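Q: Please take a close look at a single strand in this structure, and explain carefully what lies on either side of it and where the ligand comes in.

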Amino acid sequence: MSGANRPPTAALRPALPGDVPMLAAIAEAAILELTEEDYDSDQRDAWAAAASDEEALAARLTDQLTLVATRDGEVVGFIALADNRLIDMLYVRPEAVGEGVASLLYDAIERLAGARGATSLTVDASDTALDFFSKRGFAPKQRNTLSLGGVWLANTTMEKPLAAPETTH
Ligand SMILES: CC(C)(COP(=O)(O)OP(=O)(O)OC[C@H]1O[C@@H](n2cnc3c(N)ncnc32)[C@H](O)[C@@H]1OP(=O)(O)O)[C@@H](O)C(=O)NCCC(=O)NCCS
């Protein structure tokens, strides 16, 4: 993409309780519109319904370190880290996909996790996100099948060791 057409860089901030409806809408749209090559319509519907449940999402936000990316004040994606080791959610608004939003979110959460003492990160990566995490140093560990709303979906547990923080002696 030429510099003249490059989309503006996103800004990052922690998620707020008032973000929940927007985050639910982004998760739903990302799943329904971005994973068609990897999951059929029943699978996408079941996954989207689970991921956009606002009550469950609000509960996860209170427990997890969640960052949102914004452009011109509009939320364009978010990432959530559980227990300082598990990337539990990563969704980007379909209109903003392929523009580095997930990379920005991931890099920030990796730095934060490392600063808080994490020695590795794991993710149950969707088939859609396998390449994304592979390119960022994650290796596949196991293939999983899970039942969501009576529908079977597959994902892959991936892990990335983090370098030990530098010490100054
Ligand atoms: C996966 C997802 C988060 C990536 O978001 P994004 O903002 O488009 O990612 P980026 O623009 O930062 O892309 C980073 C890299 O991943 C690659 N990539 C992104 N989406 C990809 C896809 N669907 N398939 C293969 N590669 C992909 C890009 O080519 C890019 O490569 P590069 O670093 O060599 O330039 C987004 O597609 C999404 O929300 N998907 C649906 C929900 C999902 O599967 N979430 C992950 C749950 S574990």
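A: What follows looks at one strand, then at its two partners, and then at the ligand. The model is a predicted one, and the part chosen here is strand β3, which covers residues 74-82. Eight of its nine residues are buried, so β3 is largely enclosed by the rest of the structure. In a regular strand, the side chains alternate between the two faces of the sheet.

One partner of β3 is strand β2 (residues 65-71), with which β3 pairs in the antiparallel sense over seven bridges; among the paired residues, Thr 70 has Val 75 of β3 as its bridge partner. β2 and β3 form a hairpin with two residues between them, and in that turn Asp 72 has a positive phi of about 50°.

Strand β4 (residues 86-92) also runs antiparallel to β3, and six bridges join the two, with Phe 78 having Tyr 91 in β4 as its bridge partner. β3 and β4 form a hairpin too, here with three residues between them, and Asp 83 in the turn has a positive phi of about 55°.

Strand β4 also leads to the ligand, since β4 is one of the elements that each supply at least two residues of the shell around the ligand, and the others include α1 (20-34) and α4 (101-115). The shell has 23 residues, and Leu 90 and Ser 126 are among the closest. A polar backbone atom of Leu 90 is 2.8 Å from a nitrogen atom of the ligand, while an N or O atom in the side chain of Ser 126 is 2.7 Å from a ligand oxygen atom. Taken alone, the ligand exposes 910 Å², of which the protein buries 75%.

Note on methods
Residues numbered from 1 in each chain as written. Predicted model: local features only at pLDDT ≥ 70, side-chain atom pairs only at ≥ 80, totals over all residues. Heavy atoms only, no water. Buried < 20%, exposed > 50% of the residue type's maximum accessible area, 1.4 Å probe, protein only. Helix = DSSP H or I, 4+ residues; strand = E, 2+ residues; numbered from the N terminus. Pairing = 2+ DSSP bridges. Near = heavy atom within 4 Å. Polar contact = N/O pair within 3.5 Å; in protein donor to acceptor, adjacent residues only side chain to side chain. Areas by Shrake-Rupley, 256 points an atom, 1.4 Å probe, with all protein chains shown as cover.
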